[in-house]
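User: Could you take a close look at one helix for me and explain how it sits in the fold? A connected walk-through would be lovely.

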Amino acid sequence: MDILICDDEPLAIERLSRLVSQLGHQVVATASHGQQAIELTQQYEPDVVLLDIQMPEMDGLTCAHYLRQLEPMPALVFCTAYDEHALDAFKSHAEGYLLKPVMQQELQQVLGHLTKLTQAQMSEIKQKENMDEFNIKRHQIAAKTYRDKRSIAKGSSSQIRMSI
(Lines give C-alpha, C1' and ligand atoms only; values in the text may rest on other atoms or scores of the structure.)
Protein backbone atom coordinates (compact mmCIF):
# COMPACT_ATOMS: atom_id res chain seq x y z
CA MET A 1 0.00 0.00 0.00
CA ASP A 2 1.04 3.59 -0.56
CA ILE A 3 1.20 5.46 2.74
CA LEU A 4 1.55 9.13 3.67
CA ILE A 5 2.89 9.92 7.13
CA CYS A 6 1.95 13.19 8.82
CA ASP A 7 3.67 14.09 12.10
CA ASP A 8 5.41 17.21 13.36
CA GLU A 9 8.17 15.14 15.04
CA PRO A 10 10.95 14.10 12.62
CA LEU A 11 11.89 11.11 14.80
CA ALA A 12 8.31 9.84 14.73
CA ILE A 13 8.25 10.14 10.92
CA GLU A 14 11.56 8.28 10.71
CA ARG A 15 10.33 5.46 12.99
CA LEU A 16 6.97 5.09 11.20
CA SER A 17 8.71 5.14 7.80
CA ARG A 18 10.99 2.34 8.89
CA LEU A 19 8.08 0.26 10.25
CA VAL A 20 6.00 0.81 7.11
CA SER A 21 8.91 -0.28 4.89
CA GLN A 22 9.62 -3.33 7.05
CA LEU A 23 5.99 -4.37 6.59
CA GLY A 24 6.38 -4.22 2.80
CA HIS A 25 4.52 -0.98 2.16
CA GLN A 26 5.73 2.23 0.55
CA VAL A 27 5.93 5.70 2.09
CA VAL A 28 4.99 8.01 -0.80
CA ALA A 29 5.30 11.27 1.16
CA THR A 30 5.72 12.78 4.62
CA ALA A 31 4.14 15.92 6.04
CA SER A 32 4.76 17.95 9.19
CA HIS A 33 1.27 19.47 9.58
CA GLY A 34 -2.29 18.94 8.42
CA GLN A 35 -2.41 21.42 5.56
CA GLN A 36 0.69 19.88 4.03
CA ALA A 37 -0.88 16.40 4.43
CA ILE A 38 -3.97 17.52 2.49
CA GLU A 39 -1.85 18.91 -0.36
CA LEU A 40 0.35 15.80 -0.53
CA THR A 41 -2.68 13.51 -0.36
CA GLN A 42 -4.17 15.28 -3.38
CA GLN A 43 -0.85 14.93 -5.20
CA TYR A 44 0.07 11.32 -4.35
CA GLU A 45 -3.35 9.75 -3.61
CA PRO A 46 -2.08 7.38 -0.90
CA ASP A 47 -4.13 4.40 0.24
CA VAL A 48 -3.52 5.28 3.91
CA VAL A 49 -2.61 8.40 5.87
CA LEU A 50 -0.91 7.88 9.23
CA LEU A 51 -1.82 11.04 11.10
CA ASP A 52 -0.67 12.62 14.36
CA ILE A 53 -3.28 14.65 16.24
CA GLN A 54 -1.43 17.52 17.90
CA MET A 55 0.50 19.45 15.25
CA PRO A 56 1.13 23.12 14.45
CA GLU A 57 -0.88 25.03 11.81
CA MET A 58 -3.58 22.35 11.41
CA ASP A 59 -4.19 19.51 13.86
CA GLY A 60 -4.88 15.94 12.80
CA LEU A 61 -8.62 15.99 13.57
CA THR A 62 -9.19 19.06 11.39
CA CYS A 63 -7.03 17.52 8.68
CA ALA A 64 -9.09 14.30 8.85
CA HIS A 65 -12.26 16.32 8.22
CA TYR A 66 -10.78 17.65 4.96
CA LEU A 67 -9.25 14.32 3.91
CA ARG A 68 -12.69 12.68 4.23
CA GLN A 69 -13.94 14.95 1.45
CA LEU A 70 -11.28 13.88 -1.06
CA GLU A 71 -11.89 11.46 -3.90
CA PRO A 72 -10.36 8.92 -3.72
CA MET A 73 -10.56 9.04 0.04
CA PRO A 74 -7.60 7.51 1.90
CA ALA A 75 -7.95 5.36 5.00
CA LEU A 76 -7.03 7.31 8.14
CA VAL A 77 -5.04 5.88 11.02
CA PHE A 78 -4.17 8.17 13.92
CA CYS A 79 -0.76 7.68 15.54
CA THR A 80 -0.56 9.83 18.64
CA ALA A 81 0.77 9.99 22.18
CA TYR A 82 -2.61 11.07 23.56
CA ASP A 83 -5.31 8.53 24.27
CA GLU A 84 -7.90 11.19 25.21
CA HIS A 85 -8.53 11.94 21.52
CA ALA A 86 -9.62 8.41 20.61
CA LEU A 87 -13.36 9.12 20.65
CA ASP A 88 -12.96 12.23 18.46
CA ALA A 89 -10.72 10.26 16.11
CA PHE A 90 -13.31 7.53 15.61
CA LYS A 91 -16.02 10.15 15.14
CA SER A 92 -13.93 11.34 12.20
CA HIS A 93 -14.27 7.80 10.80
CA ALA A 94 -10.67 6.75 11.46
CA GLU A 95 -9.87 3.16 10.61
CA GLY A 96 -7.33 2.93 13.40
CA TYR A 97 -5.91 4.65 16.48
CA LEU A 98 -2.39 3.75 17.61
CA LEU A 99 -0.57 5.11 20.64
CA LYS A 100 3.06 6.18 20.36
CA PRO A 101 5.49 4.61 20.42
CA VAL A 102 3.78 2.58 17.68
CA MET A 103 4.66 -1.09 17.84
CA GLN A 104 5.25 -3.00 14.60
CA GLN A 105 2.66 -5.67 15.51
CA GLU A 106 -0.03 -3.05 16.09
CA LEU A 107 0.73 -1.26 12.82
CA GLN A 108 0.80 -4.58 10.97
CA GLN A 109 -2.59 -5.51 12.42
CA VAL A 110 -4.20 -2.19 11.40
CA LEU A 111 -2.68 -2.21 7.90
CA GLY A 112 -3.60 -5.87 7.47
CA HIS A 113 -7.19 -5.06 8.40
CA LEU A 114 -7.24 -2.29 5.79
CA THR A 115 -6.14 -4.64 3.02
CA LYS A 116 -8.99 -7.08 3.61
CA LEU A 117 -12.14 -6.23 1.73
CA THR A 118 -15.45 -6.75 3.43
CA GLN A 119 -18.02 -9.04 1.87
CA ALA A 120 -20.11 -6.01 0.88
CA GLN A 121 -17.11 -4.38 -0.84
CA MET A 122 -16.34 -7.61 -2.72
CA SER A 123 -19.97 -7.87 -3.84
CA GLU A 124 -19.94 -4.26 -5.07
CA ILE A 125 -16.72 -4.80 -7.02
CA LYS A 126 -18.08 -7.97 -8.62
CA GLN A 127 -21.30 -6.18 -9.56
CA LYS A 128 -19.36 -3.31 -11.19
CA GLU A 129 -17.16 -5.78 -13.08
CA ASN A 130 -20.26 -7.60 -14.35
CA MET A 131 -21.81 -4.31 -15.52
CA ASP A 132 -18.56 -3.30 -17.25
CA GLU A 133 -18.38 -6.70 -18.95
CA PHE A 134 -22.03 -6.38 -20.02
CA ASN A 135 -21.42 -2.90 -21.44
CA ILE A 136 -18.32 -4.03 -23.34
CA LYS A 137 -20.07 -7.03 -24.92
CA ARG A 138 -23.11 -5.06 -25.96
CA HIS A 139 -22.13 -3.03 -29.00
CA GLN A 140 -25.39 -3.35 -30.92
CA ILE A 141 -29.01 -3.80 -30.11
CA ALA A 142 -31.12 -5.95 -32.44
CA ALA A 143 -34.63 -4.77 -33.18
CA LYS A 144 -37.19 -6.82 -35.10
CA THR A 145 -39.82 -5.09 -37.12
CA TYR A 146 -42.63 -6.65 -39.13
CA ARG A 147 -40.48 -6.28 -42.28
CA ASP A 148 -36.97 -7.28 -41.21
CA LYS A 149 -34.36 -7.35 -38.47
CA ARG A 150 -32.26 -4.23 -37.86
CA SER A 151 -29.16 -3.64 -35.77
CA ILE A 152 -28.83 -0.33 -34.02
CA ALA A 153 -25.39 0.74 -32.86
CA LYS A 154 -25.42 1.23 -29.10
CA GLY A 155 -25.72 4.86 -28.11
CA SER A 156 -26.87 6.04 -31.52
CA SER A 157 -30.54 6.01 -32.39
CA SER A 158 -29.96 7.68 -35.76
CA GLN A 159 -27.72 4.95 -37.19
CA ILE A 160 -29.65 1.95 -38.35
CA ARG A 161 -27.90 -0.83 -40.25
CA MET A 162 -29.50 -3.78 -41.97
CA SER A 163 -28.22 -7.14 -40.78
CA ILE A 164 -28.71 -10.27 -42.74
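**A helix with two faces**

Analyst: Happy to help! In helix α5, the buried residues are Leu-107, Val-110, Leu-111 and Leu-114. Because they cover an arc of only 95° around the axis, they lie on the same side of α5. The general geometry fits this: an α-helix has 3.6 residues a turn, so residues three or four places apart point the same way. Please keep in mind that this is a predicted model.

The face turned away from the buried side of α5 carries Gln-105, Gln-109 and His-113, which are exposed. The helix itself covers residues 104–115, 12 residues in total, and spans 16 Å from its first C-alpha to its last, close to the 16 Å expected at 1.5 Å a residue.

What does the buried side pack against? The buried residues of α5 pack against α1 (10–22) and the strands β1 (2–6), β3 (48–51), β4 and β5 (96–99).

One of these partners, β4, spans residues 75–80 and includes Thr-80. Thr-80 counts as buried because its relative accessibility is 0%. Leaving aside residues up to four places away in sequence, Thr-80 touches Asp-52, Ile-53, Tyr-97, Leu-98, Leu-99 and Lys-100.

Now for the wider setting. The protein chain has six helices and eight strands, running from the N terminus as β-α-β-α-β-α-β-α-β-α-α-β-β-β. Of its 164 residues, 35% count as buried. Among contacts between residues at least 6 apart in sequence, 51% join residues at least 24 apart. The accessible surface of the chain is about 10,700 Å², with 51% belonging to carbon and sulfur atoms.

Note on methods. Residues numbered from 1 in each chain as written. Predicted model: local features only at pLDDT ≥ 70, side-chain atom pairs only at ≥ 80, totals over all residues. Heavy atoms only, no water. Helix = DSSP H or I, 4+ residues; strand = E, 2+ residues; numbered from the N terminus. Buried < 20%, exposed > 50% of the residue type's maximum accessible area, 1.4 Å probe, protein only. Contact = heavy atoms within 4.5 Å. Areas by Shrake-Rupley, 256 points an atom, 1.4 Å probe, with all protein chains shown as cover. Expected span 1.5 Å × (residues − 1). Arc of directions from axis to C-beta.
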